[in-house]
Structure formats: C-alpha cells, structure tokens
Amino acid sequence: MEQTSPAPDLLPQLRAAAAALTATERAAPVLVGVSGGPDSLALLHALARWSRAGGPALHAIHVNHHLRLEADADAAQVRAWCTAWDVPLTACDLAGEMLRHAPGGLEQAARVARYQAFAQIAATVGAHVLALGHHADDQVETLVLHLARGAGLAGLAAWPVARRDNDLFDQLGLRPRPAVWRPWLTVRRATILAYCRAWNLTPLHDASNGDLALRRNAVRHDILPTIERHFPGATTALARGARLLADDEAFLVGQTEEAWRRCASISGGLVLLDRAAFRTEHRALQRRLVRRAWLALRGFTVGLTAEPVVAACDAIVAGRTGGRWLLPQGVAVLVERTRAVVGPAATLDERLRRELGLPLFDDPAQSVPLTGPGVIPLSAGWGISIAPVDDADTLPDAPGTPWAIPIPAPATADQWCLRGWHAGDRVVLPGVGTRKLQDWFVDRHVPRYARRHIVLLVADGRVCWAAGLAVFQSPECRPDQATWRVRVFYNGQPHSGDAASEP
C-alpha cells in the first residue's frame, strides 16, 4: 500500500464521513460492496488503510452477476486485492440468465439481487453498515434522472451520507438491514481517479458503462458533458444544489412530522387522517402527509409517484363521503365524513367494520331463523343470544334497546329471523312514519362498507331492530304468552353499549 505520486488523500474524507455513523454501527464490521470499478476500489483501499490504523473491522462483498465474459476474471481480481490487503471477502454468484428475463428489466433485477445478497451477508458477518462508492457525480446523475421524471424535493435532494430507512432494503422487506453509508458523496469522480493513480490502483473496466441505451450512461456520457460545454462548472453547481435541497428536505421532514401529529393517527393497521385538520395544512404538507401514510403502511415510498398522491389529496380535501381512491401497490384511501382512512385495499372494509364496535354478519347474505333459545355467532367475538324470559327475569321498562329487545316467542319457525339489509327494506320511525332503511343509514352516518353487514331483526318482513343501533318497531309482548329476549353478546358477555363493554 505505497502511494506513487502526490494526490488528494481520501482517508480524511472517509474519517469525516464516519461521523454520520452511530457508535454501534462503527463498533461492528463494515461491509463494503466492491465491484472493482474506481469508486469501490478506492473505497476498499481507503477503508483497508483506516482499518489497519485502528478503524473499524472490514468485510468485503463482490456480487458476480455472470452477465459479461469478464465477470469471472473480475471476481478473481477483487479476491486478489482483498487477499493482498488482508480483507475478508464473500463472493456471491448470481444466475445471469434468470436476471435477463426478470420482470422490470435487467438493471432493476440485478440491483434487487445485489441488495438481497448485501442484507444476507451483512447479517452473517454482523455488519450494521454497508459502505458503497457512490460519489458527487453519481449524485448529479441521479438528480438529472429524477428531474426528467418530474420528482419532487425528496427526489431531487442529495442522498444522505448514511441512510437507514425508506430505500430498497425496506421496499424488499429485508430484515435485519444495514445502514447504507456513502462516504464519497462530496468527492468528484476525477478526484477518485486521481487517488487510484496515486496509489497505483488499476480499476476494472465494465464495457457496459459505455452503453448509451442505459439512461444513467446517457446522462453521464452525453447529457452532462453537453451541459458542461454550455455552462462550465455545472456539475459542481448541481451537486451543491442537491446538498442545499437536502437541507430543505430535512426541514420539511420535520414540518411533516409536526403536521402528522396534528392530523393523523394509526389504529388497527390503518392510518386515520382528520379531514378538517388536513385541510388547514399547506398543499406541500398535504402531499407529504399522504406519502407519510403510505410509509407507515408499506415501510417505504419507492413506487409512489406524484399523480396518485395529488389525487388522494384532492379527495381528502373535497371528495364525497364514501369515495374511494386507489394508490399503487394495493393501498386505498377511503373518504368518510370527518376523516380519511388509508389502508390495504384488500382488507380495508373488513378492518373498518371491526372498528365500529357493532355486531355484524361476516356474510351479508346470511339469514338465521329464530327457532329457539341459543347463541348465534357473528364476526370478531360478537354474537346474538336468544333466551326465554321467566318471572325472575323482569323485562326493562323500555320495550327494547339497541343492545337487547324482547320478542314474543314465534308461532312459526319462519316468523322471526336475523338477516342483513335488503334493498327496499323500510322502517317505522316515531313521528315520521315509514322510511327507507337506506335513507336512515345515510342520516345516521352508517358507512357504506357496513350497511349490508348490520344485523337486523325481522318479523314477517318488518324490520324491528338493528342490533347495536336502534329499535324501530317494538313487538308486543303479552303477559299470557312466552317471551324471548334477543341480546347482543361480545366475547361471551352481554353487551350494554357502555364504555366498559366496548371491544
């Protein structure tokens, strides 16, 4: 490890960048990804020097995608460097042909496979940090790519030196995951090449880096040089701009957390947004709140583009009650009267029904005739009991409550039944007369996702009772005939509707 000519030394930069790591992360081995290109080679070399001088222990990983003829020779060269510098190495071999035919394209498939290997080896060697060689020019290339796709501030801001969430590790659900450490983010490519020359390091050459059909290569070899010809120093200025945007992004992240406390809560795996509070927030924070809700559900925001976020914001601010908007990857926004609910589209209605604290049918088409005393099980611990009323069990003064109602014992097996709502059902309201049950649901703000699951007590086609909601028409119970009490149970106990018995 002898330097052959004077050049900027990257070791001070490496040590300074380590300030972004926690004491726990620095105490464990650092896993360094090494492709063999100049960026990762310089990083491996500088980390090995630092490790020898008392820095953290080191473990290298090389992923061979088997996509190029030189791939095996490159892997051998990386092993030779690691042997010479006394750095343990794990070489991972991937099936290149499978990657070529993977959904989403070769580049994305190879990146996913690398991150899976990174997570596995980090866990194996006990590393809490993955060091990667991305530098300032990579940062600018990413900025240009994100500008071209219309990214917002988060997409245009510079990468953090250390990232611990909301990246591909989280998108893939890889646990445990290392922090991603990029110590070269303020270093230009030319400086890294100069470092390699000074230390007589000969990086590997990947011919695919010259393929202009790949968008990043086109930005690197065509677009940025063109910009530099017209605006000398533009690459440096763009890198500086990305760092300034990162400061703005960090400030807005803090503002978003404050807005989150004002507007949002999480219950039963769902994000609940208070619509009135949401409306008072700035439009920029509204978008961030939707993304923050997505993050709370998915663990990452990769794949959530601007258009569905804007549509969700419009829906929360001014959408009609009961409206539903789909976000990518199976997430839905349901707009209710005073709140918006964000959750998994496939189970959103079911989760919300459970939250209502009402006895409900799982199957809205269910119909159960009352043929005798017993218990009818419903969803999530709820049930309806039918029991005879004897002389010791006096009836309440009121003929019925939302949680219990007396009925005369049926004369025929089909006289009384419990069933869900049917189109055309009508109810009798005191002082009003008959009304469509659907209209009553609307007036009482019973949500659409629950209406067909409400348990109704029906006699000869008349809806007398909605379990947990109301008595519509009290059956006449004469002293000379047997009487049953129909009562709501929850987890085996009578439910009276008071706070102590709420689920």
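1. Two strands count as paired if DSSP finds at least two bridges between them. That criterion underlies the first pairing here. This is a predicted model. In it, strand β14 (residues 382-389) and β22 pair in the antiparallel sense over 8 bridges. Within that pairing, Gly383 stands opposite Phe489 in β22.

2. β22 has other partners. Strand β15 (residues 404-408) is joined to β22 by 5 bridges, and the two run antiparallel. Here Ala404 stands opposite Arg487 in β22. Strand β23 (residues 493-494) also runs antiparallel to β22, with 2 bridges between them. In that pair, Phe489 faces Pro494 in β23. Phe489 therefore stands opposite Gly383 as well as Pro494, a pairing read from DSSP bridges.

3. The link between β22 and β23 is a hairpin, with 2 residues between the strands. Asn491 sits in the turn and has a positive phi of about 50°. Is β22 mostly covered or mostly open? Mostly covered: of the 8 residues in β22 (residues 483-490), 6 are buried.

4. β22 also contributes to the largest nonpolar core, as one of the elements that each supply at least two residues. This core has 41 residues. Leu370, Ile384, Ile454, Trp465 and Phe472 have the most contacts inside it. Besides β22, the elements supplying at least two residues each include β14, β15, β16 (416-419), β17 (426-429), α17 (437-443), β19 (456-459) and β20 (462-466). In soluble globular proteins, nonpolar side chains tend to be buried together.

5. Which residues does Ile454 touch? Leaving out residues up to four places away in sequence, the list is Leu358, Leu360, Phe361, Arg419, Gly420, Trp421, Phe441, Val446, Ala466 and Leu469. Apart from the largest core lies another, of 38 residues. Ala17, Ala18, Cys82 and Trp184 are among them.

6. Now the open sheet. How many strands does this sheet have, and in what order? There are 5, in the order β7-β8-β11-β10-β9, with antiparallel pairing. β7 (264-267) and β9 (324-327) are the edge strands, and each pairs on one side only. On average, neighbouring strands are turned by 20° against each other, direction ignored. At the β7 end, β7 and strand β8 (residues 270-274) pair in the antiparallel sense over 4 bridges. Ile266 stands opposite Val271 in β8.

7. Helix α14 (residues 283-298) packs on this sheet. The helix touches β7, β8, β9, β10 (331-335) and β11 (339-344). The direction of α14 makes about 35° with that of β11.

8. α14 has a helical neighbour too. α14 and helix α15 (residues 306-318) pack at an angle of about 105°, with their axes 9 Å apart. Angles of 65 to 115 degrees count as roughly perpendicular, so α14 is roughly perpendicular to α15. On the α14 side, the contact involves Arg283, Gln286, Arg287, Val290 and Arg291. They meet Val309, Val310, Ala312, Cys313, Asp314, Ile316 and Val317 in α15. By class, this contact has 7 nonpolar, 1 polar and 4 charged residues.

9. Last, a loop position. Pro29 is found between α2 (23-27) and β1 (30-33). Is Pro29 buried or partly exposed? Its relative accessible area is 23%, and buried means under 20%, so Pro29 is partly exposed. Leaving aside neighbours within four places in sequence, Pro29 is in contact with Ala57, Val125, Gly126, Ala127, His128 and Val129. Pro29 and Val129 are 100 residues apart in sequence, yet 7.6 Å apart in space, C-alpha to C-alpha.

Key. Residues numbered from 1 in each chain as written. Predicted model: local features only at pLDDT ≥ 70, side-chain atom pairs only at ≥ 80, totals over all residues. Heavy atoms only, no water. Axes fitted to C-alpha atoms, helices over the stretch in contact; angles between N-to-C directions. Contact = heavy atoms within 4.5 Å. Buried < 20%, exposed > 50% of the residue type's maximum accessible area, 1.4 Å probe, protein only. Parallel < 35°, antiparallel > 145°, perpendicular 65-115°, else oblique. Nonpolar A, V, L, I, M, F, W, Y, C, P; charged D, E, K, R; others polar. Core = buried A, V, L, I, M, F, W, Y, C linked by side-chain atoms within 4.5 Å.
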